[in-house]
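Here is a short briefing to read with the structure open beside you. Go through it one topic at a time, and find each residue as it comes up.

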Amino acid sequence: MDENTPAVATAADAGETWSRFWGRSQSLIPTLAAVVLFVSMLVYAEIAYGRVFHLGTMSSLLVSFAPTIILAVAMTIVILSGGIDLSVGAVVAFTSVSGVMLMGAGVNGWLAIVLMIAFGALFGLASGVLIQYFSVQPFIATLAMMFLARGLASMLSTVPVHAPEGAPIELLATDWKLIDGPKVNDLVLTPGFFIAVVVVVGAVFFLHRTRTGRTVYAIGGAESSAQLMGLPVARTRVSIYIISGALAGLAGVVYTAEVGGKAQNVTGIGWELDAIAAVVIGGTLLTGGVGYVLGSVVGSLVLAALWMIITKDGSIKPEYLTIITGGILLAFVLLQRVLTKRKSE
């Protein structure tokens, strides 16, 4: 045997190990790119405007984007399965208006909050049944639910409605001062923010530590293979949309609390697109099967940082936010396409 054979074998093994590592790590590249973009935006904002790495600024950013983070988590689970949910923004509006009106009608405040989440879950159930048992495309099924939820919200009220003074939902917006800094440099968060944190942690556990979560990835990767493996595809798909609807209802609860118990039928317009953008920027493939909840959280923070820069600048028109978001989204979609193509070669 040639004395160089062991060296050749070792080099081949190293090459194979590197190839496997590279194949697995490619899915993390968009997420890492989002992290770099987020940090870069914060650094730029600090240099240009100041008071960005400030506890008060960070508090405001995290609290105001808690509903977006919850919706991004919901959308992540749906997109991982190869689906889409266009109804989440409208569901936020319906659950917000209906919940506040129930409170105004004398229904117990905590029961009304539970019903808001339940209403969202019902919209999700309807979408899941249409998709799974009537073979309706997710885009069409959830679009129908979007129009239904928005229409019902408008039927309930076309003017802002307010929760009764002292309603329990106001407690979710209570300021909790965690760090008492100099002057106004305080870290002040709300229960609504911590609800978003619990949702993120629960979603990570659900997707990576439960059989149903692994089935979600399997459906998005190859549904036919998942069925051949005997996985509960039908039940899981319906559950995915129920979870998405329930989380949209929860986002409605958190948002309504943050705005002082005020609800409007026009709330949430375009929020489903923000959620999708956050998910894609965070590295989840629109085709399903690959992605991370924490990546979607980073994607939400990128949108939050962009909103903060435009607000602090003052000279940038608010409508440019949509244009810039579209540009960032396109860049990350192209990055995903390049990585997917390389992986398939």
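Which residues of α6 are buried? They are Gly109, Ala112, Ile113, Met116, Gly120, Ala121, Phe123, Gly124, Ser127, Gly128, Ile131 and Gln132. Keep in mind that this is a predicted model. The points below start with α6 and then move to other helices and single residues.

**Helix α6 and its ends**

- Helix α6 covers residues 109–133. At 1.5 Å a residue, its 25 residues should span 36 Å. The end C-alpha atoms are 36 Å apart, so the expected and the actual span agree.
- What do the buried residues of α6 pack against? Their partners are α5 (88–104), α7 (138–156) and α11 (233–258).
- Look at the start of α6 for a polar contact. There, a side-chain oxygen of Asn108 comes within 2.9 Å of the backbone nitrogen of Trp110.
- Ser135 follows α6. It sits in the loop between α6 and α7.
- Is Ser135 buried or exposed? Its relative accessible area is 62%, so Ser135 is exposed.

**Positive phi angles**

- Most residues other than glycine have a negative phi.
- Ser135 is not a glycine, yet its phi is positive, near 55°.
- Arg51 is not a glycine either, and its phi is positive at about 55°. Arg51 lies in the loop between α2 (29–49) and α3.
- Gly314 comes just after α13 and has a positive phi of about 85°.

**Two pairs of helices**

- How do α4 and α11 run relative to each other? Helix α4 covers residues 66–80. The axes of α4 and α11 cross at roughly 175° and come within 9 Å. An angle over 145 degrees counts as roughly antiparallel, so α4 and α11 are roughly antiparallel to each other.
- On the α4 side, the residues that meet α11 are Ala66, Pro67, Ile70, Leu71, Val73, Ala74, Ile77 and Val78. The α11 side includes Ile240, Tyr241, Ile243 and Ser244. Leu247, Ala248, Leu250, Ala251, Val254 and Tyr255 of α11 also take part.
- The contact of α4 with α11 has 17 nonpolar residues, one polar residue and no charged ones.
- Now turn to α8 (residues 191–209) and α9 (residues 211–221). Their axes come within 5 Å and cross at roughly 75°. Angles of 65 to 115 degrees count as roughly perpendicular, so α8 and α9 are roughly perpendicular to each other.
- Helix α8 contributes Phe206, Leu207, His208 and Arg209 to this contact. Helix α9 contributes Arg211, Thr212, Gly213, Arg214, Val216 and Tyr217.
- By class, the contact of α8 with α9 has four nonpolar, three polar and three charged residues.

**Helix α13**

- Helix α13 covers residues 293–313. Its 21 residues should span 30 Å at 1.5 Å a residue. Its end C-alpha atoms are 31 Å apart, which agrees.
- How many of the 21 residues of α13 are buried? The count is 16, so α13 is largely enclosed by the rest of the structure.

**Three buried residues to find**

- Ser59 lies in helix α3 (residues 55–64). Under 20% relative accessible area means buried. Ser59 has 4% relative accessibility, so it counts as buried.
- Leaving aside neighbours within four places in sequence, Ser59 contacts Asp186, Leu187, Val188 and Leu189.
- Thr325 is in helix α14 (residues 320–344). Its relative accessibility is 12%, so Thr325 counts as buried.
- Which backbone oxygen lies 2.6 Å from a polar side-chain atom of Thr325? It belongs to Leu321.
- Thr325 also touches Ala277, Leu303 and Leu306, not counting residues up to four places away in sequence.
- Ile276 is in helix α12 (residues 271–281). At 13% relative accessibility, Ile276 counts as buried.
- Ile276 touches Met75, Ile84, Leu86 and Leu286, again not counting residues up to four places away in sequence.
- Ile276 and Trp110 are 166 residues apart in sequence. In space, Ile276 and Trp110 are 30 Å apart, C-alpha to C-alpha.

Technical notes: Residues are numbered from 1 along each chain as its sequence is written. This is a predicted model: local features need pLDDT of at least 70, side-chain atom pairs count only at pLDDT 80 or more; totals for chains, interfaces and linings use all residues. Side-chain values use heavy atoms; hydrogens and water are left out. Axes are lines fitted to C-alpha atoms, for helices over the stretch in contact, and angles run from 0 to 180 degrees between N-to-C directions. Helices (H or I, at least four residues) and strands (E, at least two) are DSSP runs, numbered from the N terminus. Angles under 35 degrees count as roughly parallel, over 145 as roughly antiparallel, 65 to 115 as roughly perpendicular and the rest as oblique. Contact means heavy atoms within 4.5 Å. Ala, Val, Leu, Ile, Met, Phe, Trp, Tyr, Cys and Pro count as nonpolar, Asp, Glu, Lys and Arg as charged, and the others, Gly among them, as polar. Buried means under 20% relative accessible area, exposed over 50%, partly exposed in between (1.4 Å probe, protein chains only). The expected span of a helix is 1.5 Å times one less than its number of residues. A polar contact is a pair of N or O atoms within 3.5 Å; within protein, one must be able to donate a hydrogen and the other to accept it, and residues adjacent in sequence count only if both atoms are side-chain atoms.
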